[in-house]
Amino acid sequence: MPAADPPEGSVGGFAHASERAFSELLDFYGVAWEYEPTTFVLESDPQGRVLEAFTPDFYLPIYDVYVELTTLKQKLVTPKNRKIRKLRTRYPEIRVKLLHRRATLGLLAKYAQEALPA
């Protein structure tokens, strides 16, 4: 089955440049990752139709953790926090980490500099 077209305005198949940069950082350090591999149903109607779902940005299999970045629009932080709370309630076995803008940019700045050749 062919891959779906990337979202309009995407960066190299990612929704935001920070996701691409995060993937490059993971690659540099040899951390296996998957991009948006799983969509979790958070709410459905009585007929089973999905009313709300959440697809974390990355899955790191070796750590068995999903990572969601929040650098695109900070106004989305509150809804993402709500979705993560719902995910943790409905799927308590799923580990997910929300990286806020400051943490994401700090992580990229710190480890990207270490990845640069001397």
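**Exercise 1. Work out which residues of helix H1 are buried in this predicted model, and how they are arranged around the helix axis.**

*Solution.* Begin with the accessibility of the residues: in H1 of this predicted model, the buried positions are Ser18, Glu19, Phe22, Ser23, Leu25 and Leu26. Next, look down the axis of H1, where the buried residues fall within an arc of 160°, so they line one face of the helix. This fits a general rule: an α-helix has 3.6 residues a turn, so residues three or four places apart point the same way. Then check the length of H1, which has 12 residues and spans 16 Å from its first C-alpha to its last, close to the 16 Å expected at 1.5 Å a residue. Finally, note what comes after the helix: H1 is followed by Gly30, whose phi is positive, near 70°.

**Exercise 2. Describe the lining of the largest pocket by residue, by element and by class.**

*Solution.* The largest pocket has a volume of about 240 Å³, and 12 residues line it, with Phe22, Leu26, Val31, Leu60 and Leu107 lying nearest its centre. Sorting the lining by element, two or more residues come from each of helix H1 (17-28), strand E5 (65-70) and helix H3 (101-115), and H1 gives the most, with 3 residues. Sorting by class, the lining has 12 nonpolar residues, no polar and no charged ones. Phe22 and Leu26 are also among the buried residues of H1.

**Exercise 3. Locate Glu36 and Asp64, and state the sign of phi for each.**

*Solution.* Start from the general expectation that most residues other than glycine have a negative phi. Glu36, in the loop between strand E1 (34-35) and strand E2 (40-44), has a positive phi near 45°, and with a relative accessible area of 36% this residue is partly exposed. Asp64, in the loop between strand E4 (58-60) and E5, likewise has a positive phi, of about 50°, and counts as partly exposed at 40% relative accessibility.

**Exercise 4. Trace the salt bridges that Lys86 makes with Glu43 and Glu52.**

*Solution.* The whole structure holds 6 salt bridges. In one of them the side chains of Glu43 and Lys86 meet at 2.9 Å, N to O, linking strand E2 to helix H2 (residues 77-90) across 43 residues. In another, Glu52 meets Lys86 at 2.5 Å, N to O; Glu52 lies in strand E3 (residues 50-54) and Lys86 in helix H2, so this pair ties together parts that are 34 residues apart in sequence. Comparing accessibility, Glu52 is buried at 12%, whereas Glu43 is partly exposed at 35%. As a last step, place these residues in their wider setting: Glu43, Glu52, Arg82 and Lys86 are linked in a network of salt bridges.

Definitions and conventions: Residues are numbered from 1 along each chain as its sequence is written. This is a predicted model: local features need pLDDT of at least 70, side-chain atom pairs count only at pLDDT 80 or more; totals for chains, interfaces and linings use all residues. Side-chain values use heavy atoms; hydrogens and water are left out. On a 1 Å grid over the protein atoms alone, a cavity is a set of points where a 1.4 Å probe fits but cannot get out, and a pocket is an open set with protein on both sides within 12 Å along at least five of seven lines; lining residues have an atom within 4 Å of a point. Grid points are joined across faces, edges and corners, and a volume is the space filled by probe spheres set on the points. Helices (H or I, at least four residues) and strands (E, at least two) are DSSP runs, numbered from the N terminus. Ala, Val, Leu, Ile, Met, Phe, Trp, Tyr, Cys and Pro count as nonpolar, Asp, Glu, Lys and Arg as charged, and the others, Gly among them, as polar. The expected span of a helix is 1.5 Å times one less than its number of residues. Buried means under 20% relative accessible area, exposed over 50%, partly exposed in between (1.4 Å probe, protein chains only). The arc is that of the directions from the helix axis to the C-beta atoms. A salt bridge is a side-chain nitrogen of Lys or Arg within 4 Å of a carboxyl oxygen of Asp or Glu.
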